[in-house]
Structures are given as C-alpha cells and as structure tokens.
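Student: I am new to this structure and would like a close look at one single part of it. Could you walk me through that part slowly, in one connected answer?

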Amino acid sequence: MSASELTAVQSQRDGAVVTIKLANGNENLLNPDIMNQLHDAIAAADEDEAVLAIVLTAAGEKFCGGLDVAEIQNGGDPVEFATALVRLLKLMPQIGTALVAAINGDALASGFSIACACDLVVTVPEARLGTFEAGIGIWPMIAQVPPLQRLMPRHALQNIITGVPFSAEEALQFGAINRIVTADRLHRESREMALAASVAGPMLATGRKSFYRFCDLSYDDALDEALDAFTEMLKSPSTH
C-alpha cells in the first residue's frame, strides 16, 4: 500500500482500488486549487492500468460543503472557481474507471454535484445531500447539472428550487444515492461496491463512457451509436 498526500487531497492505493480523500480541514470547502488537485488525482488513478476502481471520500464530519464562498468574498475570482468546478465535473463521466462516492457526512452545493457525478454512492444515515443556494437567494447554476442527470426533474427541482437538502432516506428514495450504511461500514461497503462495479474488466472503460454519452442523446441517436459501439466491441480481443 502506498500513499501520496497533497495539500488538501490525499490519494491512497490499496490493491486495485484508489481512495481519493478530500482533507482540507474546513468542511472540505472547494477552491480552484483543491478542485484542480482533485481533478488531477482522479485523472492519475484513471491512467493507471492496474487500478480497477476509485473511491472518493473525505476526512472529518462533512463530505463537502461546496465552494468556499468566504474565499470568494475575500477577493477570489468567482469565474475561476466556476471554471475549475466545470473542469472537474466534465472529467468524471469521461474516465474509464468505476467511480464510487463514500459520503461520510453532508454533501452540499457543489459537494452534492460531485456525489451525483459518481457512478455509485453510499452514505451514512445522518448525511444531508443537496443544494442550498436557493435558500440564500442565489441559484446553483453549475451544481444543478449533475443532479439533473441523475434524478427525475421533479425530484431534482424539489431540492434546487427550495434550497432544502435531502435527508439520506430521501436521497435514496429519489435515486441520488444507492445505499445507506453506518459510519463503521462506510469504507468496507464503498470498496466492495467499487470492486463490484469493475467486473466488466477492460470493457468497462468503453462501456462506462458510452453510458454517459447515451444519456445525452435522443432515443434513436443513442441506438444508432449503440449499434456502432457494439460492432466495435466485437472487434476487441477481450470479446473473443
């Protein structure tokens, strides 16, 4: 087992699973540097052929409270923050490695969007998940995008328009998460889910990317692309 520690992002490999942990000691709030570190840690794990799955989690009592608004109010460039967030959220569906979120506490605002951008999500019972921006008179313009890809529009809007996060039970009911477990089981359950999500082996990279691409297409266009992808898959040595 080897580990490398960055300023606020820790990446540790255990066998075929890499665990990437947010650990900035400040409700794991996000600034451009932290988001770029997270982006690069995910990309590096994805590029390692020996890595089958990635678990994204956090230190402390919260998973992520969203962008560091205080830093923006103290002179941080909001466009730089937004650009780094978009860069990170664009990467997550494009990698070829299974990505599981182990939510150890509240996942709010952009933290919720990061959770929604993962393939599978396991959370502790007391966690709150969702945006809160509407409740303070603004709109989660970027953070709303991943939930809209995961939830039915009416369920997504229940949170987005009110700014009231979901309880873990509501998040499970509405399809934002896959499983609720106690804190002492979070690491084990998320690792087991990550390994289960990687059983497709070498075909996972192609299949995962196609899944997210097809989600954005019309029914007919998705079927046309699926036919092309199926034909290419048959040519792969792993299918023979």
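Tutor: Happy to! Let us look closely at Met193 and the helix around it, bearing in mind that this is a predicted model. Met193 is buried, because its relative accessible area is 8%, under the 20% that marks a buried residue. Its place is in helix α8, which covers residues 186-196.

What does Met193 touch, leaving aside residues up to four places away in sequence? The list is Val100, Leu120, Val122, Asn178 and Arg179. Take Arg179 from that list: Met193 and Arg179 are 14 residues apart along the chain, and their C-alpha atoms are separated by 9.8 Å.

Arg179 also leads us to charged neighbours. Together with Arg185 and Glu189, Arg179 belongs to a network of salt bridges. Within this group, the side chains of Arg185 and Glu189 meet with an N to O distance of 2.7 Å. Are these two partners buried or exposed, or something in between? Glu189 counts as buried, at 8% relative accessibility, while Arg185 counts as partly exposed, at 32%. As a general point, side chains of opposite charge can pair when their charged atoms come close.

Now follow the salt bridges outward from our helix. The structure holds eight of them. One joins Arg208 and Asp119, with 2.8 Å from N to O. Arg208 sits in helix α9 (residues 203-215) and Asp119 in the loop between α4 and β8 (120-123), so this pair ties together parts that are 89 residues apart in sequence. Arg208 is buried, with a relative accessible area of 5%, whereas Asp119 is partly exposed, with 22%.

Another salt bridge is formed by Asp106 and Arg128, whose closest N and O atoms are 2.9 Å apart. This pair, too, links distant parts of the chain: Asp106 is in strand β7 (residues 106-108) and Arg128 in strand β9, 22 residues apart. Here Asp106 is the buried partner, with a relative accessible area of 11%, and Arg128 counts as partly exposed, at 38%.

To retrace the path on the structure, start at Met193 in helix α8, step to Arg179, one of the residues Met193 touches, and go on to Arg185 and Glu189 through the network of salt bridges. From there, look for the Arg208 and Asp119 pair, and finish with Asp106 and Arg128.

Conventions
Residues numbered from 1 in each chain as written. Predicted model: local features only at pLDDT ≥ 70, side-chain atom pairs only at ≥ 80, totals over all residues. Heavy atoms only, no water. Helix = DSSP H or I, 4+ residues; strand = E, 2+ residues; numbered from the N terminus. Buried < 20%, exposed > 50% of the residue type's maximum accessible area, 1.4 Å probe, protein only. Contact = heavy atoms within 4.5 Å. Salt bridge = Lys/Arg side-chain N within 4 Å of Asp/Glu carboxyl O.
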